[in-house]
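Me: Please give a close account of the ligand site in this structure. I should also like to see how the surrounding fold is arranged.

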Amino acid sequence: MRTPFVVGNWKLHKNVAEAQALVTELKNQLGAIRDVAVGVAPPFTALWPVARRLEDSHLVLAAQDCFWEEKGAWTGEVAPTMLADVGCTWTLVGHSERRTHFGETDATVGKKVAAALKAGLGVIACVGETEAQRDANQTFAVVDAHLDGALAGGAPPLDRFVIAYEPVWAIGTGRTATPAQAQEVHAHIRGRLRERLGDAAAAAIRIQYGGSVKAANAETLMRQPDIDGALVGGASLDAAEFVAIVKAARPRPA
Ligand code: PEP
């Protein structure tokens, strides 16, 4: 049984006071829900204060990115060990916005995944095709390449490695993949995990869906057999929307 995992990626939003207010609201509203793992990924500047608010909570703290070195002359970068030091237990790696705007490649994603795992963090490795790639029937090839990049450092610990399938054309556009479109790619990714890591790993590794998830569409997406939660951008900035998405991810009796 895979415990669903829902994470809010706050992107470049929320100053310290706003982040504290949102996470306090989430903590209050999600305190009783234990069958879904829940995380928030605030901007770097809010990690420490949000971590303090989460000290008595089961919500987990994630960074939106990390670097692959521990220290040195790397102006502007943040090491996974530093993220762990302020209270993060997870980090996103390879988000499409990092790939598109900041030159992230499969090679750098692989180095970041390895460094984050070495520092004891869990990793949410993002994969997904652009609209042009989907139209050219390259979806599976693209997610395979992204996945291979993320796994370049070797077999990951199964409870600390999560894949987020995020079709780029669905991120922040309001155009969600249909449940069938998402399930098709999730099933493919699970098959690829089976080839790369074996049956037990493929059965254990969680695959989140991301791309314009909101309260109104979460239920049907979360009912798909290979969708194990969500990576939520815009809708995670609103407590009521995010709480509704978490509730939609709760396991239902068969
Ligand atoms: C994301 O940034 O990971 C994301 C899925 O964004 P949105 O939910 O806004 O599409």
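Reply: The ligand site is described first, and then the barrel.

This is a predicted model in which local features need pLDDT of at least 70 and side-chain atom pairs count only at pLDDT 80 or more, while totals for chains, interfaces and linings use all residues. Residues are numbered from 1 along each chain as its sequence is written, and side-chain values use heavy atoms, with hydrogens and water left out.

Around the ligand stand 14 residues, of which Lys11, Glu166, Gly172, Ser212 and Gly233 come nearest; a residue counts as near if one of its heavy atoms lies within 4 Å. This shell divides into 4 nonpolar, 8 polar and 2 charged residues, where Ala, Val, Leu, Ile, Met, Phe, Trp, Tyr, Cys and Pro count as nonpolar, Asp, Glu, Lys and Arg as charged, and the others, Gly among them, as polar.

The side chain of Lys11 places an N or O atom 2.7 Å from an oxygen atom of the ligand. For Glu166, a polar side-chain atom is likewise 2.7 Å from a ligand oxygen atom, and for His95 the corresponding distance is 2.8 Å. The protein covers 96% of the 290 Å² of accessible area that the ligand has on its own (Shrake-Rupley method, 1.4 Å probe).

As for the fold, 8 strands form a closed barrel in the order S1-S2-S3-S4-S5-S6-S7-S8, with parallel pairing. Strands are DSSP runs (E, at least two residues), numbered from the N terminus, and two of them pair if DSSP finds at least two bridges between them. Within the barrel, S3 (residues 60-63) and S4 (residues 90-93) pair in the parallel sense over 2 bridges, and Ala63 stands opposite Thr91 in S4.

Terms used:
Polar contact = N/O pair within 3.5 Å; in protein donor to acceptor, adjacent residues only side chain to side chain. Helix = DSSP H or I, 4+ residues; strand = E, 2+ residues; numbered from the N terminus.
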